[in-house]
Protein chains: 2
Amino acid sequence: MSKSPTPEEGASEGLRRRPTINDIARLAGVSKKTVSRVINASPFVRDDTRERIQAVIAELGFAPDPQARGLAYGRAFLIGLVYDNPNPQYVVNMQLGLLDGMRNSGFELVVHPCDRSSPTFLDDLRAFIERQRLYGVVLTPSVSEDERAAKLMADIGCAYVRVASVTLDTPDHMIETRDRLGGREAAAHLAELGHTKIAFLSGPPTFRSSHERRSGFEEALNERGLSLAKAYVAEGAYTYESGVECGRALLEMADRPTAIFAGNDEMAAGVLQAARQLGVRVPEDVSVVGFDDFQIASRLWPTLTTVRTPTREIGRLAVERLMGREDDSRDPKSRLPSLVVRESTAPPAKR
Amino acid sequence: MSKSPTPEEGASEGLRRRPTINDIARLAGVSKKTVSRVINASPFVRDDTRERIQAVIAELGFAPDPQARGLAYGRAFLIGLVYDNPNPQYVVNMQLGLLDGMRNSGFELVVHPCDRSSPTFLDDLRAFIERQRLYGVVLTPSVSEDERAAKLMADIGCAYVRVASVTLDTPDHMIETRDRLGGREAAAHLAELGHTKIAFLSGPPTFRSSHERRSGFEEALNERGLSLAKAYVAEGAYTYESGVECGRALLEMADRPTAIFAGNDEMAAGVLQAARQLGVRVPEDVSVVGFDDFQIASRLWPTLTTVRTPTREIGRLAVERLMGREDDSRDPKSRLPSLVVRESTAPPAKR
DNA sequence: CTGAAAGCGCTTACAG
DNA sequence: CTGAAAGCGCTTACAG
């Protein structure tokens, strides 16, 4: 019953071998197969046997060796993050979310940045998974939207969850970020402020989120009797530079908009820069709304009103779904986009 | 000699078992121990034997299973990144550098964000390493400066490399970032522009880099007959907010400096914000230099002159040292800090 | 509900 | 320079 080391154990202090399944079996007076059943939460163990084994496990601080388990199981206790989003904050938040969900699970996180346009994209991805026989992977936008990648996972029998703004797969393979709702929030905010001449700066058409953010935005404008004029829609590339360029084009129009909703914060930062160069005041002359709520949003001047995306929370959900350990006790609202109002939006100037 | 599947192999296409060391041994007509020697680059194999085995390995596309190797070897083929730098760009760049160095090595990267001030910091770190029996870890600032962490690595026999701005350990455990040289570059630039009333905005004293950046800066000023007045030294916290606050204090002085060197880009961004609030023009009234060259430096207005730190390159070096596979063929300058001149610096106004 | 046997794919001693 | 044996710490069939 004591946890203090016996003389024998104490002999080679420090280098004490860590306990194995055999130690547990011997001390609990069962076979190692039964210990294995307890480790793997098999229902075919009598309650008192299970309790006895669990007590020994706790006393020795036993944790099964993931390498040995993995070798026998044919699959490593590793989960991969596959990403191509160039924004570091997105990547780090996503990693933190995955780690949140994997805590005390015995799994570890390995990362795989990739490039969909590379000729070796699929081969690299396959090698990444097969090399260590990953248990499963989480795919994030835009690589999550790539059907070739999803098909590869299915072909090689690797578990996967895709994080995306729309439903692209069966529920067990999907976490939706509901970007459409974020677009709606932006529209509601600008409409409430009294704007009517409203522009949209889109991301590239190859990203599903570009479409989702726009259609949510347009939909909610329409519901309020407003509309998005063709001339007020510009297509950017989710980059700062494209934000500057498109922002300038919109702000140089003879009948310029009084509000611009940019598809992400990077482009919104570009619009602020364009406004500064043109001598257009924000928010007095034009209101600007972004999407993401990355750190830059609160570093800009004026600080940026934007739609916050709960990336970390989404990451946790994705990995929980992958491991089949979903926790339904949390507030479902925490996984939805939400508006953060700062200084870059105000009612339109009186004419 | 053909790589096309024989009828027998082709039977269960797609699910074809991947080749093992036994397959290689059988086809090469040697024992699996000898194949193992080739895999592990043992010198005790006759050249013709080695070549024969390597040919078979290449033909079958064999790669040894890291789990099985790890189990027998007592150590996983995984390398951990332990970090507590809150800047996402630093983290992502460091990860990319580690992955650069690990390419084709058979190792995979696992990540461990941590918090030195947590009461469970050391226990968490130990669990992270022992759970999967990591091969080794790379520690980055500021956790790399923590002697408790280094001692833990030594105690549990885990290989490690510390990335830090100064020499804290033996060469096999260190990659130095030479921040002092970066400070010197900033000083040389401001001196050449003709500044004499020069201020320094320091990071927190608990970070070695704060001291290194300052002393390099001061040293190079002194060499040019300039000095850093006590009144012109402020202590920040490497955060944007501290940059705003200290920037304001410096810019509100009766005899305000004509140039400010901030210890990192975050604080430099804060100084620009303070200048804007006070109506002080940059660079006309005051020049500002940062440190890091993160993305924000080129998004600010004016764009920021700063010292670029080659984080990705440093990461590659660190992991190569850890694996004992250093490549000395690269330009040694690529690992040193270097000045990037942009819009935020100019000669001081004529009086 | 429990266990003895065989095996996962490698490496470490130990021989020769 | 090469190999047969034993073992790393688990799990998967297969019995009972």
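This tour moves through a predicted model, beginning at the two DNA strands and ending at two loop residues of chain B.

**First stop: DNA strand D**

Select DNA strand D together with the residues around it, of which there are 26, the closest being A:Lys32, A:Lys33, A:Ser36, B:Thr34 and B:Thr49. If you colour the atoms of DNA strand D that come within 4 Å of the protein, sugar and phosphate make up 63% of them.

Three polar contacts to phosphate oxygens of this strand can be displayed one after another. Begin with A:Ile21, where a backbone N or O atom lies 2.7 Å from a phosphate oxygen of DNA strand D, and continue to A:Asn40, which places a polar side-chain atom 2.7 Å from a phosphate oxygen of DNA strand D. On chain B, pick B:Thr34, whose side chain has an N or O atom 2.7 Å from a phosphate oxygen of DNA strand D. Now show helices H3 (32-39) and H5 (66-73) in chain A and likewise H3 (32-39) and H5 (66-73) in chain B, since these are the elements that give two or more residues to the surface near DNA strand D. Which element gives the largest share of the surface near DNA strand D? That share, 5 residues, comes from H5(A). Coloured by class, the surface near DNA strand D shows 13 nonpolar, 6 polar and 7 charged residues.

**Second stop: DNA strand C**

Change the selection to DNA strand C, which is surrounded by 26 residues, with A:Thr34, A:Thr49, B:Lys32, B:Lys33 and B:Ser36 the closest. Of the atoms of DNA strand C that come within 4 Å of the protein, 62% belong to sugar and phosphate.

Here the contacts to display include one to a base: a polar side-chain atom of B:Lys32 lies 2.6 Å from a base nitrogen of DNA strand C. The other two go to phosphate oxygens of DNA strand C, one at 2.8 Å from a backbone N or O atom of A:Arg46 and one at 2.4 Å from an N or O atom in the side chain of B:Ser36. H3 and H5 of chain A, together with H3 and H5 of chain B, are the elements that give two or more residues to the surface near DNA strand C, and the largest share, 5 residues, comes from H5(B). By class, the surface near DNA strand C has 13 nonpolar, 6 polar and 7 charged residues.

**Third stop: helix H3 of chain A**

Keep H3(A) on screen and select its buried residues, which are A:Thr34, A:Val35, A:Ser36 and A:Val38; they pack against helix H2 (21-28) and helix H4 (47-60) of chain A. Just after H3(A), stop at A:Ala41, which takes a positive phi of about 55°.

**Fourth stop: the open sheet of chain A**

Move along chain A to an open sheet of 6 strands in the order E7-E6-E8-E9-E10-E11, with mixed pairing. Strand E7 (233-235) and strand E11 (338-340) stand at the edges, and because each has a single partner strand, one side of each is left without a neighbour in the sheet. Viewed down the sheet, the twist averages 20° from one strand to the next.

At the E7 edge, select strand E6 (residues 198-202) with E7(A): the two run parallel and are joined by 3 bridges, and A:Phe200 stands opposite A:Val233 in E7(A). Then add two helices of chain A. Helix H9 (residues 179-193) lies across E6, E8, E9, E10 and E11, running at about 165° to E9(A), while helix H10 (residues 208-223) lies across E6, E7, E8 and E9, running at about 165° to E6(A).

**Last stop: two loop residues of chain B**

Select B:Ser165, found in the loop between strand E4 (159-164) and strand E5 (174-176) of chain B. Is B:Ser165 buried or exposed? Its relative accessibility is 7%, so B:Ser165 counts as buried. The side chain of B:Ser165 reaches the backbone nitrogen of B:Ser209 at 3.4 Å, and the residues that B:Ser165 touches beyond four places in sequence include B:Thr177, B:Arg178, B:Asp179 and B:Glu212.

Finish at B:Gly279, in the loop between helix H12 (265-278) and strand E9 (287-292) of chain B. B:Gly279 is exposed, with a relative accessible area of 56%. A C-alpha to C-alpha distance drawn from B:Gly279 to B:Leu251 reads 9.9 Å, although the two are 28 residues apart in sequence.

Terms used: Residues numbered from 1 in each chain as written. Chains lettered and ligands numbered in written order. Predicted model: local features only at pLDDT ≥ 70, side-chain atom pairs only at ≥ 80, totals over all residues. Heavy atoms only, no water. Near = heavy atom within 4 Å. Polar contact = N/O pair within 3.5 Å; in protein donor to acceptor, adjacent residues only side chain to side chain. Helix = DSSP H or I, 4+ residues; strand = E, 2+ residues; numbered from the N terminus. Nonpolar A, V, L, I, M, F, W, Y, C, P; charged D, E, K, R; others polar. Buried < 20%, exposed > 50% of the residue type's maximum accessible area, 1.4 Å probe, protein only. Contact = heavy atoms within 4.5 Å. Pairing = 2+ DSSP bridges. Axes fitted to C-alpha atoms, helices over the stretch in contact; angles between N-to-C directions.
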